[in-house]
Amino acid sequence: MRVITGKYRGRHFDVPRTFKARPTTDFAKENLFNVLNGYIDFDEGPTALDLFSGTGSITLELLSRGCSRVVAVEKDPLHYSFIRSFVEKLGDKAADPVRADVFRFLERCREQFDFIFADPPYTLQELEQLPDLVMGHNRLKPDGIFVLEHGKTQDFSTHPCFVEHRAYGSVNFSFFRE
């Protein structure tokens, strides 16, 4: 796993082969952040929530680009430990890894974020409900953006908060705003 740009640019973290999570490809991640630059001013230190953090690849990129706070929610204990370990190595106080179920976290969380990213397993039964859960719990700040990574079989274009869809190979991103 490699950091594309920012203060940690070029740093590598080896993801254990035993991980079930698939990190967002560098190609898709780079293109995602190119699009996000039109929505988010990373120089202003936005806050971010990374749901289903997996390997922590997006969390790491958000920290590198200058987010003032990044909450990384991951349920799997091995993945959570991996995220904690690279956060400790970096010594970045903006990172807040949380070991929790995403759905319970969304119910209890009272904080709002400038950017929310979710990369659930593509086979997750509740995947179709995620835009409603995130948008319905008022987790986005005004002008905030929610991005959901999903497979090619999902289409969120009829959702009332849908803004745009981008596809990079087999990786699809749907963007939502209030």
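**Exercise 1. Ring cluster**

Task: In this predicted model, find which residues ring pairs link into a cluster with Phe27.

Solution: Ring pairs join Phe27 to a cluster that also holds Phe115, Phe117, Tyr168 and Phe173.

**Exercise 2. An edge-to-face pair**

Task: State how many aromatic pairs a search of the whole structure finds, then describe the geometry and location of the pair formed by Phe156 and Phe176.

Solution: Step 1. The search of the whole structure gives 13 aromatic pairs.
Step 2. For Phe156 and Phe176, the distance is 5.9 Å centre to centre and the angle between the planes is 80 degrees. Planes over 60 degrees apart count as edge-to-face, so this pair is edge-to-face.
Step 3. Phe156 is in the loop between strand S5 (140-150) and strand S6 (162-168), and Phe176 is in strand S7 (residues 171-176). The two residues are 20 residues apart, and the pair links distant parts of the chain.
Step 4. Phe156 has 5% relative accessibility and therefore counts as buried. Phe176, with a relative accessible area of 0%, is buried.

**Exercise 3. A tilted pair**

Task: Classify the ring pair of Tyr168 and Phe173 and decide whether each residue is buried or exposed.

Solution: Step 1. The ring centres of Tyr168 and Phe173 are 6.1 Å apart, with the planes at 55 degrees, so the pair is tilted.
Step 2. The relative accessible area is 11% for Tyr168, which is buried. For Phe173 the value is 0%, and Phe173 is buried.

**Exercise 4. A histidine in a helix**

Task: Locate His79, assign its burial and list its contacts beyond neighbours within four places in sequence.

Solution: Step 1. His79 is part of helix H3 (residues 77-90).
Step 2. Buried means under 20% relative accessible area; His79, at 5% relative accessibility, therefore counts as buried.
Step 3. With neighbours within four places in sequence left aside, His79 contacts Phe19, Lys20, Ala21, Gly54 and Glu74.

Notes: Residues numbered from 1 in each chain as written. Predicted model: local features only at pLDDT ≥ 70, side-chain atom pairs only at ≥ 80, totals over all residues. Heavy atoms only, no water. Helix = DSSP H or I, 4+ residues; strand = E, 2+ residues; numbered from the N terminus. Buried < 20%, exposed > 50% of the residue type's maximum accessible area, 1.4 Å probe, protein only. Contact = heavy atoms within 4.5 Å. Phe/Tyr/Trp six-rings, centres within 6.5 Å; stacked < 30°, edge-to-face > 60°.
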